[in-house]
Every structure is written in C-alpha cells, then in structure tokens.
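Biologist: I should like to learn how features of a model are read, one at a time. Could we begin with the way elements are named, and then go through the features in turn?

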Amino acid sequence: MRKKFSASLVALSFVLTSSLTAVAQDANYSNKNALPEIGVVASDAISLDKEMIVGDAVMRQMRGQSPVISDPVLDEYLQDVGNRLVVHADNAKFPFEFFWVNNDAINAFAFFGGHIGVHTGLMRRAENESELASVLAHEISHVTQRHIARRMQAQQRSSPLALASLIGGVLIAMANPEAGIAAMQAGSAASAQMQIDYTRSNEQEADRIGIAMLARAGFDPNAAASFFSTMAEEYRMVSRPPARLLTHPLTETRIADARNRAGDYPRRYLPINKQFELAKARIKARYSFKADYAVEYFEAAVAQDVQRSKEASLYGLALAYMRAEKIEKAKDIMDELIAKDRGNLFYLDAMTDIYISLGEPLKAVEMLRPHVTHNPRNQVLALNQANAYISANKYEEAVSLLKDFLLVKKDYQLAHQLMSEAYQKSKRFSQMHQSKAEVYALYGAYNRAVDELQYAYNFAGDDHLEKQRIRARIKQFRDQEERLQRL
C-alpha cells in the first residue's frame, strides 16, 4: 500500500539521522570491543520511557506523510532479519520496529524508540542478505548506544534550550512539519562545530559494534566493507552524494577500518539466500520499476538466467504480470513455484492476490487454511486470509481473524484498514468508524480519530456499552495528545 510522498517527512528523517551521526564520544575504551556506560550518559537528557513516547509520535507522523510501505510480506522479511541481529545486540532496551520507505535512494535511518527505516533503493543495490544486515546492524548500534540521547546530552551542556528545541521540534512536526524541522535545525545550530568534531568517532563506534553484531548473528562480517565500497563506487563521480553518504560519510579510511575489523572474525561463505532474493525481486517488481519495464526486465532475466536465483526471477515476473493485469500468465508461473514450496509466504501472498483477481477468493481461503491454523497470527497469513474472506463476502470470519491478529499487532495499519472494509461491507457502521479512528490515530491525526469516534457514537443507537467504550477511547486519544504536549 503506497502513500503520498512528503518531502518534509523525508527531511525530518534525515535530520534525525544527522543527529545520530553527531554524537560525543563520552567514554574511553579499554579495548576495541568495550562498550561505554551509555545509560548513565544519556539518562539526564531523555529517559527511556520518554524516548519511546517521542519515537512513537514520529512513527505515527511518518505513516501518515511519508511513503512508508505497508506490505506484510516485505515487513515480515525485514523484521525477521532485524530480529536475528537484535538478539545479539547489547543494551537493547525495547522492541525494535523495522519498516520500509518507498524511495530509490541508498539510505537507512534510526530514531527514538528503536525505529529503523530502510529505503527500497538500499535493498535494490545490496548484493546479498549480509550486506542488508550490515546496514541494519549499524543502525541498531546507533539505537543501542542511544546516540540521539547522547547528542542531546552534549547539546544540553552548551545550551539549556537545546534539549527542549530538539524534542519540541519533533512534536511540533506532528502538526506542522516545516515548523518542526526548522525548530530542530535551530536547536542543533548552537553546537554545529561539536557535531563535526564527533561525527567520525560516532560512526566508528557504530561500525565497530555493528560488525561484531553481524558476526555473532551468523552473517558475513566482511559485508559491511563490501557494501561501503559499492556505495562509494556508485557515487564517486556524483557532485552531491545521497543522504546516507552525507550523514554517514564514507572515507577510504573508514572502508579500510571496516575491512580490518572484519578480519577479527571468521569469514563466512554463505549460500544464496532465497528469501532475500525474493524480497529483492518483489521490491523491483512492485516498487522500483514501472509496470511495463518490470515485465520487460523480468522476462529478460528469466530468458537469460542472469539472476542469482531463477525462482526469484520467475516470482518477479509473476508480480510484474499481475501489475500488467496478465493474471493467467502470473498464475501459470505461481502454480509451478508453489508446487515446489507450498509454505513459502511470498508465494502464498501472490497466489491469494491471483485467486481474488480471478474472482475465486474461496480457493485462496482453502489454500491458506492449513497454514493459518498452524500459525494464526502470522501477518502474511492472517491478513491474506482476511482479505480473501472479505472478497468472498464472509465478513464475520474476516473480523474474527483480524480481532485475534490485532491482539498481538495492535498498530498494524493494514489490519485496521481491512477491518474497516469488512465492517463497511457488512453495514456495521459504528464499528466501521471505530476502525477508521484507529487508522487516523496511527497517523497521529488524533482530531480526525475523535471525529470518527463521534460518528461511531451516533451509530451506536441504544447500545450503552458500546457508547461507553467509544467515550473511553475518545478520552484515551485526547490523553495521548496531552501527554505529548507535556513532554
């Protein structure tokens, strides 16, 4: 699901990324693998609880105004890779959320509360899963080392207003992105020289910790240096490098240092990762390429067998055919692929869309049923099954499945949108407006959310219990707004 592009929100993410790369080195290390006492250093600037509140606020705005992708298959894959790294991270104080931004630039960024965004352009250029993981490990290290909080602590020493300016800028940006960015930039201006002085040590710290994490998680530790080299080579002759190279400078010394650090760990020669190749093909077919070019590209890839994975080329071609409304051609390919790997989530997702496009959603329901029974809260399976139920006019079944799913993934936007659709088609208008309110709340649009709840209240009729629930939710939304204003 795509959203309207917002330059202001991309700029906001880059401001936050710049904050990550401008941090004081507040400890001396007894050896190259030692970690600083970051909790003590950062606690005076912003508490962990407050960091999570601010991170949640920024994430809500990003959902509403930036091209964040809501794609259960890609989300599942990225979160899986990220989780495999996080379990090997030190100082992970809260759950991490990894998400995609539909932008062809090579970039990734981290901000408050363990939120890490990855541009589709970065995935398109990564040669293997270890290279993708190397970027995630670097960003995870920024978060676990609390670099934003340490940056704020350093600013606070030079200006008492710096902390208020930086946090205030994030919050103002929820209502007025341009004003919010200006406030954040003003809050950073007082210590611009200090930012320059500490960028190198900050990046060295994230590189060092990230490469160690990469190795512990079973990825190739040399992937960081190889991806650094790929980025540096691609943009060597460009007058203005992309944002990631501006906020994460790639000097020859830094690349050499990454190679040297990787030498401390055993090199791993990993086989081609099928899931990585499928995710990369999906990004190309659905997000990076225009529809006509996607068909041309993947037809050539299948004919010439130039891709690292023939299955990924065929999968990409099937998705391209679906975009071009050549559904029967797509089905022929997917029938062949799924026969060899019936539990593959990429394939099950594509086959569900094909059956729905052919007007046969019950076939999708039956195909998914054993997988959903075994793993009912998997986002790919649950949301595809719910979509198939809605297409088959089985609205109660869809609602029941979605309610169960939202118990564990209460902030998953697509689930609330499907719930709203199911209620609308079944003419349950009070519940429909309540579901829409949850979607607006996920965008940080609390006033719009309250408006939807007031519509829901009017449709509740004589159901006093329902009205009581609606009033309680209105109060919760208003309390959330007030809590942000008190920060």
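Modeller: Helices, of at least four residues, and strands, of at least two, are DSSP runs numbered from the N terminus. The model here is predicted. In it, the loop between α16 (310–323) and α17 (327–340) holds E325.

Biologist: What is the sign of phi in E325, a residue other than glycine?

Modeller: The general idea comes first. Most residues other than glycine have a negative phi. In E325, phi is positive, near 60 degrees. With a relative accessible area of 70%, E325 is exposed, since the class of exposed residues begins over 50%.

Biologist: Where is K427, which also is not a glycine and has a positive phi?

Modeller: K427 sits in the loop between α22 (413–425) and α23 (429–442). Its phi is about 60 degrees. The relative accessibility of K427 is 62%, and therefore K427 counts as exposed.

Biologist: Let us turn to salt bridges. How many does a search of the whole structure find?

Modeller: The test is a side-chain nitrogen of Lys or Arg within 4 Å of a carboxyl oxygen of Asp or Glu. By that test, the search of the whole structure yields 22 salt bridges. One of them joins D404 and R377, whose closest N and O atoms are 2.9 Å apart. D404 is in helix α21 (residues 395–406) and R377 in the loop between α19 (361–374) and α20 (379–391), so this pair ties together parts that are 27 residues apart in sequence. D404 is partly exposed, at a relative accessible area of 25%, and R377 is partly exposed as well, at 38%.

Biologist: Which residue forms a salt bridge with R428?

Modeller: The partner of R428 is E396, and the closest N and O atoms lie 2.8 Å apart. This pair links distant parts of the chain, 32 residues apart: R428 is in the loop between α22 and α23, and E396 is in helix α21. R428 has a relative accessible area of 24% and is partly exposed; E396, at 49% relative accessibility, counts as partly exposed.

Biologist: Is E438 buried or exposed?

Modeller: Buried means under 20% relative accessible area. E438 has 17%, and so E438 is buried. Its side chain meets that of R473 in a salt bridge of 2.8 Å, N to O. The two residues are 35 residues apart and link distant parts of the chain, with R473 in helix α25 (residues 464–486) and E438 in helix α23. R473, at 25% relative accessibility, counts as partly exposed.

Biologist: Which residues are joined into one network by salt bridges that share partners?

Modeller: The members of that network are D71, R282 and D349.

Biologist: Next, the pockets. What is the volume of the largest pocket, and which residues lie nearest its centre?

Modeller: A pocket is an open set of grid points, whereas a cavity is a set from which the probe cannot get out. The largest pocket has a volume of about 880 Å³. Its lining has 30 residues, and R63, Q79, E97, K409 and D411 are nearest the centre. The elements α3 (48–65), α4 and β1 (97–101) each supply at least two lining residues, and α3 provides the largest share, with five. By class, the lining of the largest pocket comprises 12 nonpolar, eight polar and 10 charged residues.

Biologist: How many cavities of 30 Å³ or more does a search of the whole structure find?

Modeller: Six cavities of 30 Å³ or more are found. The largest cavity contains about 90 Å³ of space. It is lined by 13 residues, with S134, H138, D207, A224 and F228 closest to its centre. Two or more lining residues come from each of α6 (129–144), α10 (192–216) and α11 (223–234), and α10 gives the most, five. The lining of the largest cavity divides into seven nonpolar, three polar and three charged residues.

Biologist: Finally, which residues form a nonpolar patch on the surface?

Modeller: The patch consists of F429, Y455 and F459, which together have about 310 Å² of accessible area. F459 belongs to helix α24 (residues 446–459). At 49% relative accessibility, F459 counts as partly exposed, and residues of such a patch must have over 30% relative accessible area.

Technical notes. Residues numbered from 1 in each chain as written. Predicted model: local features only at pLDDT ≥ 70, side-chain atom pairs only at ≥ 80, totals over all residues. Heavy atoms only, no water. Patch = residues over 30% accessible without salt bridge, like charges linked within 9 Å, V, L, I, M, F, W, Y side chains within 5 Å. Areas by Shrake-Rupley, 256 points an atom, 1.4 Å probe, with all protein chains shown as cover. Buried < 20%, exposed > 50% of the residue type's maximum accessible area, 1.4 Å probe, protein only. 1 Å grid on protein atoms, 1.4 Å probe; cavity = no way out; pocket = protein on both sides within 12 Å on 5 of 7 lines; lining within 4 Å. Points joined across faces, edges and corners; volume = space filled by probe spheres on them. Nonpolar A, V, L, I, M, F, W, Y, C, P; charged D, E, K, R; others polar.
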